[in-house]
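Biologist: Could you take a close look at one part of this model for me, and then lead me outward from there to whatever else deserves attention? I would love a connected account rather than a list.

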Amino acid sequence: MSAIARILVRNFHVSARRQALTQFTMPAMSPTMTEGGIAAWKKKEGESYASGDVLLEIETDKATIDVEAQEDGILAKIIAQDGAKGIPVGTAIAITAEEGDDLSGAAEMAKKATSEAPPKADSSQSEKPKQSEEPTKETKPKESSTESKPAPKEGKQDLKKGDRIFATPVAKKIALERGIPLAQVKGTGPEGRILREDVEKWKGSSAAPAGAAAPAPAPASADQYTDIPVSSMRRVIGQRLTQSKQELPHFYVTVDIDMTRVSKLREVFNASLAGKEGGVKISVNDFVMKATSLALTEVPEANSALLGDVIRQYKKADISMAVATPNGLITPIIKDVGSKGLATIAVESKNLAKKARDGKLAPHEYQGGTFTVSNMGMYGISHFTAIINTPQSCILAVSSPVATMVPDASEEKGWTTKQIMKVTLSSDHRTVDGAVAARWLQSFKGYLENPLTFML
């Protein structure tokens, strides 16, 4: 009965609410989101939708996210079209209505909403006229000064190429240091000798020789390059990494790890899982993630973040895993890695990596990590350092294991070959001291060099 009453009441008041239209604004899909882009509208203008229907796909700095309708309605007018980028959160992107509303005013409301939104380029455009006015004001004084001071050509017209220039040793030294051509300096000493004061007072000729200026390079033709638009994700990544590198006092600690036992144990595990239905293949990165969580349990100072006046130390290891996508780097999170086995970690990491590359990560899948692992071992990289993923305190850069000769007294030849992997821990010195970073790396190394301790 309540639904029937609602319809009756709505129909009764329809004449009084002929323009009950509302603005649909760019939503904040995450706490850090300040702007977004329109990937694609899933509904057309004038089309009805029900609660739970996907209205559009929004491109954030991390992923492309479906936006669902919270209630039934009609998409009366689209303001921001497909492909629009850099739309601030809270800016009107469409006009919506309910069944029975008069849609004739949607275009006018959309026009008004567009005019009320201040364009981003206003500040830069308002500065341009001021900058262009200043040179015009200075033009007249410059012209008068050049008229009052004739060009210093006297005394130098008779100087031929190869003629000796008379100058004091001090004047020559100063001219050499400052790059001043002595041939253009008028000497005031005896018989036109150039003195120290002449070099120091020299300000250069007002008119440069015609051959002195290098010709401007010809602009490249359009077929010699390709301009690629910067995506919202790429722009925000650049801003945040620049901020991290500039504001956080990074320091780096590197250690070599013998991965021989991990390689053998991985072969055994994968052989046993291969014959099982739904069996997964365990990677070196899965061992790295597990060892990271165990080391964070032993050295919890590294599992922290600086939040204003406090250092928050986390009890669980929610590890962010760096994944390269066509639009940039994103860090999906494996929650509470310490409570999971290698097989579970392998399944979750593969699923999250696929969703990241497809741009289908939900906000809770990439927000809230406590530590980050960036592994470039699959590319054959022998060593690199990583930039801290704020507000976390640490990020671990994992390289590729390399066959390395190491001393071994038990071998007749005195040496053996082992798979050595370099890892570098980047730490925020405001929250993690050097000794803490060293203890964490020693713990991490211990687990990987003795992987059976995972089971203890």
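Modeller: Happily, and one definition will help from the start: a residue counts as buried under 20% relative accessible area, as exposed over 50%, and as partly exposed in between. Please keep in mind that this is a predicted model.

Let us begin with strand β5. One face of β5 is covered, and it carries Ile 65 and Val 67. The other face, with Thr 64, Asp 66 and Glu 68, is uncovered. In a regular strand, side chains alternate between the two faces of the sheet. The residue numbers on the two faces of β5 can be read with that in mind: 65 and 67 on the covered side, 64, 66 and 68 on the uncovered side.

What does β5 pair with? Its partner is β4 (residues 54-59), joined to β5 in the antiparallel sense by 5 bridges. Within this pairing, Val 54 has Glu 68 as its bridge partner in β5, and Glu 68 belongs to the uncovered face. The two strands make a hairpin, with 4 residues between them.

Stepping back, the hairpin is part of an open sheet of 4 strands in the order β5-β4-β2-β7, with antiparallel pairing. Strands β5 (64-68) and β7 (87-88) are at the edges with a single partner strand each, so each of them has one side without a neighbour in the sheet. At the β7 end, strand β2 (residues 35-41) runs antiparallel to β7 and is joined to it by 2 bridges. There, Glu 35 faces Pro 88 in β7.

A further open sheet of 4 strands follows the order β1-β8-β6-β3, again with antiparallel pairing. Its edges are β1 (22-25) and β3 (48-49), each with a single partner strand, so one side of each lacks a neighbour in the sheet. Inside this order, β6 (residues 73-78) and β8 (residues 92-97) pair antiparallel over 4 bridges, and Lys 77 stands opposite Ile 95 in β8. Helix α2 (residues 106-116) lies across β1, β6 and β8, and runs at about 155° to β8.

From strands we can move on to rings. How many aromatic pairs are there? The structure holds 5. In one of them, Phe 269 and Phe 287 have ring centres 6.4 Å apart and planes at 5°, so the pair is stacked. Phe 269 sits in helix α7 (residues 260-274) and Phe 287 in helix α8 (residues 284-298), so this pair ties together parts 18 residues apart in sequence. Both residues are buried. Ring pairs also draw Phe 269 and Phe 287 into a cluster with Tyr 447 and Phe 454.

Another pair, Trp 440 and Phe 444, has ring centres 5.1 Å apart and planes at 10°, so this one is stacked as well. Its two members are 4 residues apart in helix α10 (residues 434-449), a separation of about one helical turn. Trp 440 has a relative accessible area of 0% and is therefore buried, and Phe 444, at 0%, is buried too. A charge takes part at another ring: the charged end of Lys 413 sits over the ring of Trp 415, 4.3 Å from its centre.

Finally, have a look at the loop between β16 and β17, where Ser 393 is found. Ser 393 has 0% relative accessibility, so it counts as buried. Its side chain reaches the backbone oxygen of Ser 304 at 2.9 Å, and a polar contact of 2.8 Å links it with the side chain of Thr 431. Beyond its neighbours within four places in sequence, the contacts of Ser 393 include Ala 302, Ile 388, Asp 428 and Val 432. This loop, between β16 (371-375) and β17 (394-398), also holds Pro 391, which is joined to Thr 390 by a cis peptide bond with omega of about 5°.

One more backbone detail belongs to Asp 336, in the loop between β15 (333-334) and α9 (342-357). Asp 336 has a positive phi of about 45° although it is not a glycine. Is Asp 336 buried, exposed or partly exposed? Its relative accessibility is 21%, so it counts as partly exposed.

Note on methods: Residues numbered from 1 in each chain as written. Predicted model: local features only at pLDDT ≥ 70, side-chain atom pairs only at ≥ 80, totals over all residues. Heavy atoms only, no water. Buried < 20%, exposed > 50% of the residue type's maximum accessible area, 1.4 Å probe, protein only. Pairing = 2+ DSSP bridges. Contact = heavy atoms within 4.5 Å. Axes fitted to C-alpha atoms, helices over the stretch in contact; angles between N-to-C directions. Phe/Tyr/Trp six-rings, centres within 6.5 Å; stacked < 30°, edge-to-face > 60°. Lys NZ or Arg CZ within 6 Å of the ring centre and 35° of its normal. Polar contact = N/O pair within 3.5 Å; in protein donor to acceptor, adjacent residues only side chain to side chain.
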